[in-house]
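User: I would like to learn how to read a fold from its coordinates. Can we take it feature by feature?

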Amino acid sequence: MVIKLRVECVWGTYLAEECVRIIAMEDSASLLDLHEVIQDAVSFDRDHLFDFYTANSPSRSASKNWVSCAEDWDEKVEALEATQLRDIWPLRRKKLYYLFDWGDNWLFEIRKIRSSEADQSIACPCVLEEIGPNPQQYPRYDE
């Protein structure tokens, strides 16, 4: 089954403008697949660690529920690969967050949005809509 996700960059050291991507994916895709799709959608370099958590808001650190609590990176990747998108929703009042690069703290809020029967024919994964430019992962400074 195809699901649509609204992926919004809500924080990052160099975030200057609104950046939202509407993405279609199979609900059998994993969180590791979602990481790859987000990286492609915003043209990042995949050069840092990442993780997913659920929370009521991005700033409530006490209420974060990490998808994988594994300390070992290989075990964490295995857990993210084993977690399908259909396993995540419904979240009730919580939202899914994708944290990329603990130094620059790129944070994306991910919400499942309504899809129609027509959406089931979409070739997935794909970006259906782009709102705003890609954030600059590494801004260039004039010397």
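Analyst: We go through the sheet, the cores, one helix, the aromatic pairs and two single residues. This is a predicted model: local features need pLDDT of at least 70, side-chain atom pairs count only at pLDDT 80 or more, and totals for chains, interfaces and linings use all residues. Residues are numbered from 1 along each chain as its sequence is written, and side-chain values use heavy atoms, leaving out hydrogens and water.

User: Start with the sheet. In what order do the strands lie?

Analyst: Strands of a sheet pair through backbone hydrogen bonds, either parallel or antiparallel. Here, 7 strands make an open sheet, in the order β4-β3-β5-β6-β1-β2-β7, with antiparallel pairing. β4 (65-66) and β7 (126-131) are at the edges with a single partner strand each, so one side of each has no neighbour in the sheet. Helices (H or I, at least four residues) and strands (E, at least two) are DSSP runs, numbered from the N terminus. Two strands pair if DSSP finds at least two bridges between them.

User: Which bridges surround β6?

Analyst: Strand β1 (residues 2-11) is joined to β6 (residues 106-113) by 7 antiparallel bridges. Trp11 has Leu107 as its bridge partner, and Glu8 has Glu109. Between β5 and β6, also antiparallel, there are 5 bridges. Tyr97 stands opposite Glu109 there. The hairpin of β5 and β6 has 5 residues between the strands, and Asp101 takes a positive phi near 70°.

User: Now the interior. Which residues have the most contacts inside the largest nonpolar core?

Analyst: Terms come before the case. A nonpolar core is a set of buried Ala, Val, Leu, Ile, Met, Phe, Trp, Tyr and Cys residues joined through side-chain atoms within 4.5 Å. Buried means under 20% relative accessible area, exposed over 50%, and partly exposed in between (1.4 Å probe, protein chains only). The largest core has 30 residues, and Leu34 and Ile110 have the most contacts inside it. Elements giving two or more residues to this core are β1, β2 (20-26), α1 (31-42), β3 (50-55), α2 (73-82), α3 (85-88), β5 (95-100) and β6. α1 gives the most, with 7 residues. Another core, of 5 residues, lies apart from it; Tyr53, Ala55, Tyr97 and Leu99 are among them.

User: What does Ile110 touch?

Analyst: Contact means heavy atoms within 4.5 Å. Not counting residues up to four places away in sequence, Ile110 touches Leu5, Arg6, Val7, Leu34, Ile38, Phe52, Trp89, Leu96 and Tyr98.

User: How should I read α1?

Analyst: Check length, burial and ends. The expected span of a helix is 1.5 Å times one less than its number of residues. α1 has 12 residues and reaches 17 Å from its first C-alpha to its last, close to the 16 Å expected. The helix is mostly covered, with 9 of its 12 residues buried. Those buried include Leu34, His35 and Gln39. At the N-terminal end, Ser30 is the cap: a side-chain oxygen lies 3.2 Å from the backbone nitrogen of Leu32. Just after α1, Ser43 has a positive phi of about 55°.

User: And the aromatic rings?

Analyst: A pair of aromatic rings is described by the distance of the centres and the angle of the planes. Rings of Phe, Tyr and Trp (its six-membered ring) pair if their centres lie within 6.5 Å; planes under 30 degrees apart count as stacked, over 60 as edge-to-face and the rest as tilted. The whole structure has 10 aromatic pairs. Tyr53 and Tyr97 have ring centres 5.3 Å apart and planes at 20°, so the pair is stacked. This pair links strands β3 and β5, with the two residues 44 apart. Tyr98 and Phe108 are tilted, at 5.6 Å centre to centre and 40° between the planes. Tyr98 and Phe108 are both buried.

User: Is Gln137 buried or exposed?

Analyst: Gln137 lies in the segment after β7. Its relative accessible area is 5%, so Gln137 is buried. A polar contact is a pair of N or O atoms within 3.5 Å; within protein, one must be able to donate a hydrogen and the other to accept it, and residues adjacent in sequence count only if both atoms are side-chain atoms. The Gln137 side chain makes such contacts with the side chains of Asp47 (3.0 Å) and Tyr138 (3.4 Å).

User: Last one: where is Leu91 found?

Analyst: Leu91 is in the loop between α3 and β5. Its relative accessibility is 16%, so Leu91 counts as buried. Leaving aside neighbours within four places in sequence, Leu91 is in contact with Thr54 and Leu96.
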